[in-house]
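Work through the exercises below with the sequence and the model at hand. Each task is followed by a solution in steps.

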Amino acid sequence: MKASDEVAKMAMFINCLERGYTPNKAAKHIKHYHPIWGDPREGTNNNRPLPIELKLREIRWKEKFYANPEEFKYKLEHNSSYNAMIRNAIKKGEVIRALE
């Protein structure tokens with residue numbers, strides 16, 4: 001599962017470069033639109049990596065928005081990163097309920 005995330009991120013990175021983004025701006029763009037998995041102890045804010053153990057819950061939570069992509073887009077635009085959006089959803093109990 002993590003490998004498919006990396007492929008999607010690389011495709012977006014290349015697309016950003018083709019559209020004229022600098023490598024740094026492309027990397028920031030990716031962090032905003034894709035989850036960053038890793039050790040959550042690396043960092044101190046809501047943008048820090050998410051533990052890979054949340055991957056299945058993240059997928060199920062995200063699936064709820066297939067019928068309403070505008071709601072997903074709104075949530076994403078009102079958070080500093082994808083990881084911050086997931087952390088806020090966890091605080092609200094939305095990610096846990098996604099498995100039910």
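**Exercise 1. Helix packing**

Determine how the axes of helices α3 and α5 are arranged, and which residues make the contact.

Solution. The axes of helix α3 (residues 55-63) and helix α5 come within 12 Å and cross at roughly 85°. Axes here are lines fitted to C-alpha atoms, for helices over the stretch in contact, with angles running from 0 to 180 degrees between N-to-C directions. Because angles of 65 to 115 degrees count as roughly perpendicular, α3 is roughly perpendicular to α5. On the α3 side the contact is made by E58, W61 and K62, and on the α5 side by Y82, M85, I86 and A89; contact means heavy atoms within 4.5 Å. Sorted by class, five of these residues are nonpolar, none is polar and two are charged. Helices are DSSP runs (H or I, at least four residues), numbered from the N terminus.

The model is predicted: local features need pLDDT of at least 70, side-chain atom pairs count only at pLDDT 80 or more, and totals for chains, interfaces and linings use all residues. Residues are numbered from 1 along each chain as its sequence is written, and side-chain values use heavy atoms, with hydrogens and water left out.

**Exercise 2. A residue of α5**

Decide whether N83 is buried or exposed, and list its contacts beyond its sequence neighbours.

Solution. N83 lies in helix α5, which spans residues 82-91. Its relative accessibility is 0%, so N83 counts as buried (buried is under 20% relative accessible area, exposed over 50%, partly exposed in between, with a 1.4 Å probe and protein chains only). With neighbours within four places in sequence set aside, N83 touches H34, P35, I36, N46, N47, R48, P49 and L50.

**Exercise 3. Salt bridges**

Count the salt bridges, then place the pairs E6 and K9, E58 and K55, and K75 and E94 along the chain.

Solution. There are five salt bridges in the structure, each defined by a side-chain nitrogen of Lys or Arg within 4 Å of a carboxyl oxygen of Asp or Glu.

- E6 and K9 pair at 3.5 Å, N to O. Both belong to helix α1 (residues 2-18), three residues apart, about one turn of the helix. E6 is partly exposed at 39%, whereas K9 is buried at 10%.
- E58 and K55 have their closest N and O atoms 3.6 Å apart. Both lie in α3, three residues apart, and both are buried. K55, E58 and K62 are linked in a network of salt bridges.
- K75 and E94 have their closest N and O atoms 3.6 Å apart. This pair links distant parts of the chain, with K75 in helix α4 (residues 69-77) and E94 in helix α6 (residues 94-97), 19 residues apart. Both K75 and E94 are buried.

How values were computed: Helix = DSSP H or I, 4+ residues; strand = E, 2+ residues; numbered from the N terminus. Parallel < 35°, antiparallel > 145°, perpendicular 65-115°, else oblique. Nonpolar A, V, L, I, M, F, W, Y, C, P; charged D, E, K, R; others polar.
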